[in-house]
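Let's walk through this structure together, one piece at a time. Keep the viewer open and follow along as each element comes up.

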Amino acid sequence: MSLINYRDAVGKALQDSMREEPRLIVIGQNLAAHALKPLAETYGLDRVRDCSISESAMVGMAVGAAMKGMKVVVMIAYADIATVCHMAIVQSAAKLHYLTNGRLHCPVIIRLPIARFRGHGPEGNEVGVSWFYNVPDLNIAMPGSPSQAYWSFREALTRPTPTLFFEDRSIHLRAGELAANNPGGRAAITRAGERLTIIGAGRAAALAEDAADELSKRGFGGAVEVVSLGFIKPCDTETVLNSAGKTGRVLIVQDEPEWAGYAPYVRCALDRLPPGSLAMAPRMLVGADQYLPYWDERPFLPSLENVVSAATELLK
Amino acid sequence: MRWEHEKKHPAQTFPSKGQEAIAIGTCLALEQGDDVLPSFRTRGAMIGMGIGIEEQLREFLHTPSAVGDARDAPHHASWPERGVMPGSTMIGGHLAMAAGVALANQTDGASNVSVAFFGDGTLGSGDLHETMHIAGSWRLPLILVCENNGWEMATPWPKVRQQRSLIPYAEPFGLASRQVDGNDAMDVYQSARWARATALGGQPVFLDCLTFRMGLYSSHFGEVRPGIENDLAEAAKRDPLKRLGDWLISNGMASADDLARLQRVEERRIEAAFAHVAAEL
């Protein structure tokens, strides 16, 4: 099987979807001349729509097109801009299926690349995932591998409610194999182990995988299991609980602060395990509760070193 | 609103008294396959698209056969398969949704338009400007129908903008526009026919329909608009139902007695509809 990187996996998901779904359109900025030039040449400017810098109306239009049975991918330049279209995401997109009693579907992907480590500063390096965590019917994908990137994108377009697709540009060049089949939103066990479960999504899942590999080299071979969530909402708690129940020790890694997000959600979900299942209290390793400065974002985020360090503590 | 005060249903209502001609005249000008997105005050668009009184009342009362299961507030109720799309979102947001319907029609090569209704207070919403910008640029088959009643809740238009008409704001975006006497059903109908042809011909349209809100902003808001007695008296003279009736009489198509009888019949029909729907509970 050949390897593909994360960025190309997203691109392939879009290409395959455009080919297979004749009523799928893409709306964004600077697409036909640059970002999606080959797609525009293949499918025409009706389906690859260059739009003004109007993110709120872009999402609203996607909902309107979905009312007529279309599928839409809205390309937002980076995740921070979700603040501009928050109204349209929550009020127009997420509620459509519910408010119409299921008579209208909203198979819309809102692509929100996380753009840290690129010198954007605090207006361009937010994750923003947890801002949406309490919105019912909103799917949130945060893929941590090329296969998850590909399949969560394909999966999103089959759902009757919209999906925020938080792809992390910091792992764009990470390579892997594509799974043969759509896991249907299930989390992935990307490293198998017996003594500790590390849970994460997006870049944090990639960090967990690297930490598991590093710990293998340090004498903890076969110890660490990694659960890469992929979809953080709805969240595959079954896979999480099975792994945690097996290893008895849990570390949850999240780039955002601890107030909200999948980390506190998963930590609460662990209460569903039978009493005594865990050998010790689950631990969260999270981003600092502050903005990330332009000059260096890394000291305020989980790193390979501190994931390895936290895992080592738990394995003692 | 009376039923609400009698506690027969819990919905907040947004009276459209004085503005009826805009929705009805527009919807009568549409064709099979066209869609409308009403504002919270555009009850007439549901009626104009053929949604029966009983069907609408089921959403007020949450009867077992309410197709929307009374999930959305009754002023946002929708019948998508019959061209009444939900305008549910924040003020102005539904205009972008209407542009999306137009986008789908354009991409599919369908010969249909989408129509969004909204009040002149929506001028303050960024989504109106974004929608006009995109619709003009992409030449979407979209018709924006402004129910320009001159009031934002209890605030008269001169306090919140420079010009009564919204056409000066719409034209630079590339929309064809027309000032319409919103209290004249014939003018609305003719304008909407022109708008439909223009929109399908490749230029979105802005209809600025001047009117006057004779009732409250809403049944819950209960605002006071001091000094509007003269405006109300003037609006009563220009009442769209009265004017259409006068036109029918002057053209020999109905007598005053015919119209009075029709009004009685319709009032009885609406009361009977409520009783019938309430009996479904």
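**Two sheets, two chains**

Start in chain A with an open sheet of seven strands, whose order is 3-2-4-5-7-6-12 and whose pairing is mixed. Before going further, a word on conventions: this is a predicted model, in which local features need pLDDT of at least 70 and side-chain atom pairs count only at pLDDT 80 or more, while totals for chains, interfaces and linings use all residues. Residues are numbered from 1 along each chain as its sequence is written, and chains are lettered from A and ligands numbered from 1 in the order in which they are written. Helices (H or I, at least four residues) and strands (E, at least two) are DSSP runs numbered from the N terminus, and two strands pair if DSSP finds at least two bridges between them.

Back to the seven-stranded sheet, where strand 3 (48–50) and strand 12 (230–233) of chain A are the edge strands, each pairing on one side only. From one strand to the next, the twist averages 20°. Angles here run from 0 to 180 degrees between N-to-C directions, and axes are lines fitted to C-alpha atoms, for helices over the stretch in contact. Inside this sheet, strand 2 (residues 24–28) and strand 4 (residues 71–75) of chain A run parallel and are joined by four bridges. To find the register, look for A:L24, which stands opposite A:K71 in strand 4 of chain A.

Chain A also holds an open sheet of five strands, again with mixed pairing, in the order 9-11-10-13-14. Its edge strands, each paired on one side only, are strand 9 (188–191) and strand 14 (283–286) of chain A. The twist in this sheet averages 25° from one strand to the next.

Strand 11 (residues 224–228) of chain A is a good place to pause. Five of its five residues are buried, so the strand is largely enclosed by the rest of the structure. (A residue is buried if 20 or more other C-beta atoms lie within 10 Å of its own, exposed if 12 or fewer, and partly exposed in between, with C-beta atoms placed from the backbone.) In a regular strand, side chains alternate between the two faces of the sheet. Here A:V224, A:V226 and A:S228 point one way from strand 11 of chain A, while A:E225 and A:V227 point the other way, and all are buried.

Now look at the neighbours of that strand. Strand 9 of chain A pairs with strand 11 of chain A in the antiparallel sense over three bridges, and A:A188 stands opposite A:S228. Strand 10 of chain A pairs with strand 11 of chain A in the parallel sense over five bridges, with A:I199 opposite A:V227. Further along, strand 13 (residues 250–254) and strand 14 of chain A run parallel, joined by four bridges; A:L285 in strand 14 is the bridge partner of A:V253. Helix 10 (residues 262–269) of chain A lies across strand 10 (196–200), strand 13 and strand 14 of chain A, running at about 160° to strand 13.

Turn next to chain B, which has eleven helices and seven strands. Its C-alpha trace spans about 50 × 45 × 40 Å along its principal axes. A compact globule of 281 residues would have a radius of gyration near 19 Å, and chain B has 19 Å, which agrees; the radius is taken over C-alpha atoms, and the globule rule is 2.2 Å times the number of residues to the power 0.38. Of the 281 residues in chain B, 46% are buried.

Where do the two chains meet? In all, 30 residues of chain B are in contact with 28 residues of chain A, contact meaning that the C-beta atoms of two residues, placed from the backbone, lie within 7 Å. Helix 5 (93–108) and helix 6 of chain B each supply at least two residues of the side that touches chain A, and helix 5 of chain B gives the largest share, eleven residues.

One helix pair shows the meeting in detail: the axes of helix 4 (residues 55–67) of chain A and helix 6 (residues 126–138) of chain B come within 9 Å and cross at roughly 75°. That makes these two helices roughly perpendicular, by a scheme in which angles under 35 degrees count as roughly parallel, over 145 as roughly antiparallel, 65 to 115 as roughly perpendicular and the rest as oblique. A:S56, A:A57 and A:G60 make the contact from helix 4 of chain A, and B:G126, B:D127, B:E130, B:T131 and B:I134 from helix 6 of chain B.
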